[in-house]
Amino acid sequence: MKKFFDDFKKDIKFKSAGPGKKLTADTSTKPDVVQSSSSAKNNRHAPTEGAARAGAAALARIEQRPKPKVHTSQDAIRIQVKKELEAEAAALAEKDMAAAAEGSKVPVKDPTCLSVSGVYFTCPLTGATLTKSEREVHIKEAILMRFEEDPVEASVMMIHTFNKDREKVKTAVDIISKYVDNICKNPTEEKYRKIKLSNKVFQDKVRSVEGSREFLQALEFISVMLPVDGQEEEEEFLVLPEQSPDALELMKERRDRLQRGEPVRAQLDRQPQAFRSSPNAQRFELPPEFYNLTAEELKKEQQQRSELVEKNTMLRTKAMREKEEQRERRKYNYTLLRIRLPDGNLLQGTFYAWDRLPVLFGFVRESLVDGWQPFELIAPGSQKLQESDEVALAECNLVPAALLTFAWDAAVQADIAAAGGKSPTLLKPELLETIRTLS
């Protein structure tokens, strides 16, 4: 570095810009003047004393500058992923701002009048409560944090979560599994323990899947530059050192973990809430997140509500009505359900529109003190719902909101009463502690 700077001082004439100003290098040349190297050497001017001092100071700074940290491949990957996550978060924020601006065309409801403040999710890795726009970035960050604790688990999560194309993931998992199978069957064969990164199958089917290289590194493959027959330059390979029998068994177990892997998805927060008996039980004011519509589509829907009464009076066939009802149900992502209990209190929860009836019954059961007892749920129109029916809530016309009626099984209650038992307590104490009044 010092030699380079000395040569640099010889080749560039520093000129002083006067007191208090920066020195600049005069590198300009006149196109109409050509000098030989010997004459140019004789015409050079020695730097001024001030320029020499400035040059020496700059050289000292260069020599004292700390050397950049050499990152491992894992560090480089994490830094790159972090940059991508930050960019993704910025893009999501920009998208939310655009959606908010678009949403301003639709009359905004007073948040205090909403039946629920919004739709929220829970991260299964951290337990954090997230909005829809936060969940994907948060889960990716949570997975990356797991590399320090368990790189195999983290890389399996990465493969199954970061890649949306499930067929592409399956292909990569099958190829990696084949690598492991070949190694375990032929542990002393070196060719099975080397993966050429420029190999077309690896490039197209494995390397393109995020997390695949991290998983191979978690299996203890290391990056090595090796010579290739017929080529002057070396190429990068992933090479696995020869493994002991115990290590091979561990590798099989890790392969099985990869094959069993599932995407990490944020879970819908049902936001269970108890309310006191209220004449407003059937009144629902929903936030925009409940609708699978753009702001403009939502505005049109609001304008068309008045036409619905008139349309219902028209003579239509059953097929026409069912087709229109199916189209209406697809407008909603979520549904808000309230269950009126025998004591008059209400239990409220948020569901996916395509959650099935057993999910609803499970939610109610988990909210009861004596959830083991059989009960019934009755939908609007006196429709009795069956827990065993694998029918979506949307298909039961329970979207985007509905009030259901809860009833204990009459025969079981009669037996309890005949035995001198008391009616069971309904909601769990933790729900009653936060009971509210519907506005």
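A polar contact is a pair of N or O atoms within 3.5 Å, and within protein one must be able to donate a hydrogen and the other to accept it. I write this down at the start since my entry on Ser 115 depends on it. The model I am reading is predicted.

**Entry: Ser 115**

I looked up where Ser 115 sits. Ser 115 is in the loop that runs between helix H4 (73-103) and S3. Is Ser 115 buried or exposed? Buried means under 20% relative accessible area. Ser 115 has 12% relative accessibility, so I noted this residue as buried.

Next I checked the side chain. It makes a polar contact with the side chain of Arg 338, at 3.4 Å. I then listed what Ser 115 touches, leaving out residues up to four places away in sequence: Arg 283, Phe 284, Glu 285, Leu 336, Arg 338 and Gln 348. Arg 338 thus appears in my notes as a polar partner and in the list of touching residues.

**Entry: the sheet with S3**

The loop of Ser 115 leads to S3, and I followed that strand. I found an open sheet of three strands in the order S4-S3-S8, with antiparallel pairing. At its edges are strand S4 (129-130) and strand S8 (267-269), each pairing on one side only. Strand S3 covers residues 120-122, and two bridges join S3 to S4 in the antiparallel sense. I noted one facing pair: Phe 121 is opposite Leu 130 in S4.

**Entry: S14 and two partners**

Arg 338 made me look at strand S10, residues 334-340. S10 runs parallel to strand S14 (residues 401-408), and five bridges join the two. Ile 339 has Leu 404 in S14 as its bridge partner.

How does strand S12 (residues 375-379) run relative to S14? S12 and S14 are antiparallel, with four bridges between them. Here I noted Phe 375, which is opposite Trp 408 in S14.

**Entry: S7**

I turned to strand S7, residues 235-239. Four of its five residues are buried, so I recorded S7 as largely enclosed by the rest of the structure. I then looked up its pairings. Strand S5 (residues 194-196) pairs with S7 in the antiparallel sense over three bridges, and Ile 195 is opposite Leu 238 in S7. Strand S6 (residues 222-226) also pairs with S7 in the antiparallel sense, over five bridges. Val 224 has Phe 237 in S7 as its bridge partner.

**Entry: helix H10**

Helix H10 (residues 245-260) has 16 residues. From its first C-alpha to its last I read 23 Å, close to the 22 Å expected at 1.5 Å a residue. I listed its buried residues as Leu 248, Met 251, Arg 254, Arg 255 and Leu 258. Where do the buried residues of H10 fall when seen down the axis? They fall within an arc of 115°, so they line one face of the helix. They pack against helix H6 (151-162), helix H7 (166-185) and helix H9 (212-218). On the other side of H10, I found Pro 245, Asp 246 and Arg 260 exposed.

**Entry: whole protein**

Last, I took down the totals. The protein has 15 helices and 14 strands. Of its 439 residues, 34% count as buried. Its accessible surface comes to about 27300 Å², and carbon and sulfur atoms account for 52% of that. Among contacts between residues at least 6 apart in sequence, 70% join residues at least 24 apart.

How values were computed: Residues are numbered from 1 along each chain as its sequence is written. This is a predicted model: local features need pLDDT of at least 70, side-chain atom pairs count only at pLDDT 80 or more; totals for chains, interfaces and linings use all residues. Side-chain values use heavy atoms; hydrogens and water are left out. Buried means under 20% relative accessible area, exposed over 50%, partly exposed in between (1.4 Å probe, protein chains only). Contact means heavy atoms within 4.5 Å. Accessible areas come from the Shrake-Rupley method with a 1.4 Å probe; for residues, only the protein chains shown count as cover. Two strands pair if DSSP finds at least two bridges between them. The expected span of a helix is 1.5 Å times one less than its number of residues. The arc is that of the directions from the helix axis to the C-beta atoms.
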